[in-house]
Amino acid sequence: MESLCDGIIRTEDGYSFKIHKVILSERSEYFRGLYSLNDHRPDVTETLIFGIGGRTMFKILRFMYTRKVDLNSDNILELLIASDYFLIGELLEKCRKYVMKNVSIDNCVSFYIATLYIPHLRLLEVCHRFMLINFQEIICNSGSDISELSLETLKNILRSNNLYVTSEEFIFLAICQWIQKYPEERLPLVSDLITCIRFSSVSANFINVFLNHPMIKENPFCPELQRLALLNSNLPLSEDQMIQHLCALYREKLTIEKRQPETLYFIVKYYSSHEQHDDGIYGYVTYDENICMMRKISTYIEFYPTHVIVAGNRAFLFNNYTEKTICFDLVTKEWSVIPRMNFHRHRYGLVKVGKYIYALGGVSNSVEDEIVEPIAERFNIDFSVWDVIRPMSCIEVEAVVMNECIYTVGEHIQDGEVSMRTERYSPSMETWTQIASPATLRRDFSITVFQNHIFLLGGSNDSGKLKSVEVFDALTETWRRFEKLPYRYSIPKAIIFENKLVVADQSGHYPSVYISNMTEKWRKFNSKTFHPIHKWFFAAVEDKRTISALRDEANECKSEWTILE
């Protein structure tokens with residue numbers, strides 16, 4: 001084979017390798033482009049590679065010839081960067097999976113710095129979140145050096161509501177470690193960095209230690225803090241007074257709120273009979289508002305939800321075909337059953353506003369109990385009681401909430417004529433108002449709110465399954481046509497997932513599609529973890545006490561977190 005070589009690669013540290021241009025061009029887009037440019041100059045046989053060492057180049061060439069590579073902690077960063085530089089997709093994917101699987105306390109900082117230059121792999125987000133969860137261990141571990149992080153990266157971490165620390169003292173410790181690496185150039189930055197400390201969550205003892213620390217006491221760039229320390233030594237201040245002085249010094253730069261996310265997600269995955277012994281569900285919770293790291297928090301239970309609604313510390317799971325409703329306590333992890341509605345029916349719309357869950361419309365389960373008038377009920381979450389309220393005009397509807405109002409869409413029958421009708425309910429006024437209605441008659445459609453617009457998707461009528469989509473604008477109170485779905489879904493399901501509107505076919509016959517904004521065309525949705533997407537349910541957890549309780553569990557459950565792709 002060596003006699004057939006038609007090129008030489010040299011590295012800056014003196015290594016040289018005889019190569020076959022055709023093989024390298026087949027495996028690497030970089031070399032394909034390089035040798036294509038040199039086709040008109042057959043005399044050019046040598047290529048000098050900058051920034052890649054000879055040992056790493058040997059491993060790269062070995063992979064391109066044999067597709068074999070031995071990834072380990074000593075070579076992963078060099079191979080990750082080199083495979084991205086040479087555009088070797090197959091090797092880059094192997095490196096990405098290695099980092100995803102092996103990120104640790106010792107290497108997360110170096111992984112983070114390396115992946116800053118390869119944002120398309122989404123490894124940066126994984127490393128960042130790992131540091132947020134394990135920050136205390138990283139600070140106390142001599143093998144991980146946060147002092148190599150940039151100022152902006154460090155501030156981004158220390159100011160995050162999603163950073164997990166049992167005490168704000170760890171924030172100060174991190175600042176000290178970072179400053180001490182290059183004290184001459186970093187001491188002027190102390191005043192900026194200490195605004196990352198949540199002083200409302202610290203003790204008076206910590207404030208005294210903080211003010212008397214050499215980094216503050218002997219720092220010529222912190223005169224205001226030195227005067228505060230002197231004031232406190234002459235006339236000891238209370239904890240509240242100290243915080244007031246600090247807030248006055250730094251005005252609006254200090255964050256007062258407790259360090260925790262504003263939102264988590266309770267996620268339900270439905271497993272069908274071929275995946276488990278019986279049809280049923282597990283419940284999960286995310287680490288923060290991003291759906292890329294979650295842990296299992298519920299036992300397995302036989303149930304199929306059509307709706308999942310979170311209120312306070314409880315998740316309510318409805319099946320509006322069987323009238324069954326169960327409740328899961330996110331804090332105690334206990335399942336329970338809630339009272340049945342006053343009227344037995346199915347195919348009703350479900351939404352939550354404030355302390356109420358509204359069950360709107362629905363049809364009877366039998367001919368004997370046929371429902372001939374619209375029905376609306378609301379469930380008082382605090383007292384677990386269903387009350388009948390004034391109904392809308394349609395018997396069977398789908399419902400959504402937008403701008404604190406409930407919108408229902410359904411078929412309205414009058415004098416034998418069938419038409420679509422949209423109504424808006426004001427929970428504060430307890431009144432219904434008829435507004436503009438969609439143009440296309442349809443049933444079995446899906447409805448959701450996306451970017452402050454109501455989307456009406458698919459469904460069917462006498463002409464068959466529909467691709468059509470209509471959008472309601474709350475500002476103009478008008479419906480307009482939107483780009484059609486690419487498939488005629490049998491049972492469409494709309495899901496808001498990571499700021500995307502995803503539409504799935506619950507029958508599984510057609511691929512899921514999505515848009516990220518109002519101007520995009522529908523594209524195929526792919527997810528290794530959330531497939532098929534229609535078996536997943538996502539409900540926001542926004543109650544501060546519940547989030548605090550779930551966050552307190554986090555430190556004990558670190559081994560249970562799963563990083564998702």
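Before looking at any helix pair I noted that axes are lines fitted to C-alpha atoms, for helices over the stretch in contact, with angles taken between N-to-C directions. I also kept in mind that this is a predicted model.

**Entry 1, a helix pair.** I looked up helix 3 (residues 54-66) and helix 4 (residues 76-85), and found that their axes come within 10 Å and cross at roughly 60°, the crossing being right-handed. On the helix 3 side I listed T56, K59 and I60, which meet E78, L79, A82 and S83 of helix 4. Sorted by class, this contact has three nonpolar, two polar and two charged residues.

**Entry 2, the hairpin of strands 1 and 2.** I then turned to strand 1 (residues 7-11), which runs antiparallel to strand 2 and is joined to it by four bridges. I8 stands opposite K18 of strand 2. Four residues lie between the two strands, and G14 in this hairpin takes a positive phi near 100°. For strand 2 (residues 16-19) I recorded a covered face with F17 and I19, whereas S16 and K18 make up the uncovered one.

**Entry 3, a sheet of four strands.** Further along the chain I traced an open sheet in the order 15-16-17-18, with antiparallel pairing. Strand 15 (397-402) and strand 18 (431-435) each have a single partner strand, so one side of each is left without a neighbour in the sheet. Neighbouring strands here are turned by 30° against each other on average, direction ignored. In the middle of that order I checked strand 16 (residues 405-414) and strand 17 (residues 417-426), which pair over nine bridges, and I noted that Y407 has R424 in strand 17 as its bridge partner.

Note on methods. Residues are numbered from 1 along each chain as its sequence is written. This is a predicted model: local features need pLDDT of at least 70, side-chain atom pairs count only at pLDDT 80 or more; totals for chains, interfaces and linings use all residues. Side-chain values use heavy atoms; hydrogens and water are left out. Two strands pair if DSSP finds at least two bridges between them. Axes are lines fitted to C-alpha atoms, for helices over the stretch in contact, and angles run from 0 to 180 degrees between N-to-C directions. A crossing is left-handed if the near helix is turned anticlockwise from the far one by less than a right angle, and right-handed if clockwise. Contact means heavy atoms within 4.5 Å. Ala, Val, Leu, Ile, Met, Phe, Trp, Tyr, Cys and Pro count as nonpolar, Asp, Glu, Lys and Arg as charged, and the others, Gly among them, as polar. Buried means under 20% relative accessible area, exposed over 50%, partly exposed in between (1.4 Å probe, protein chains only).
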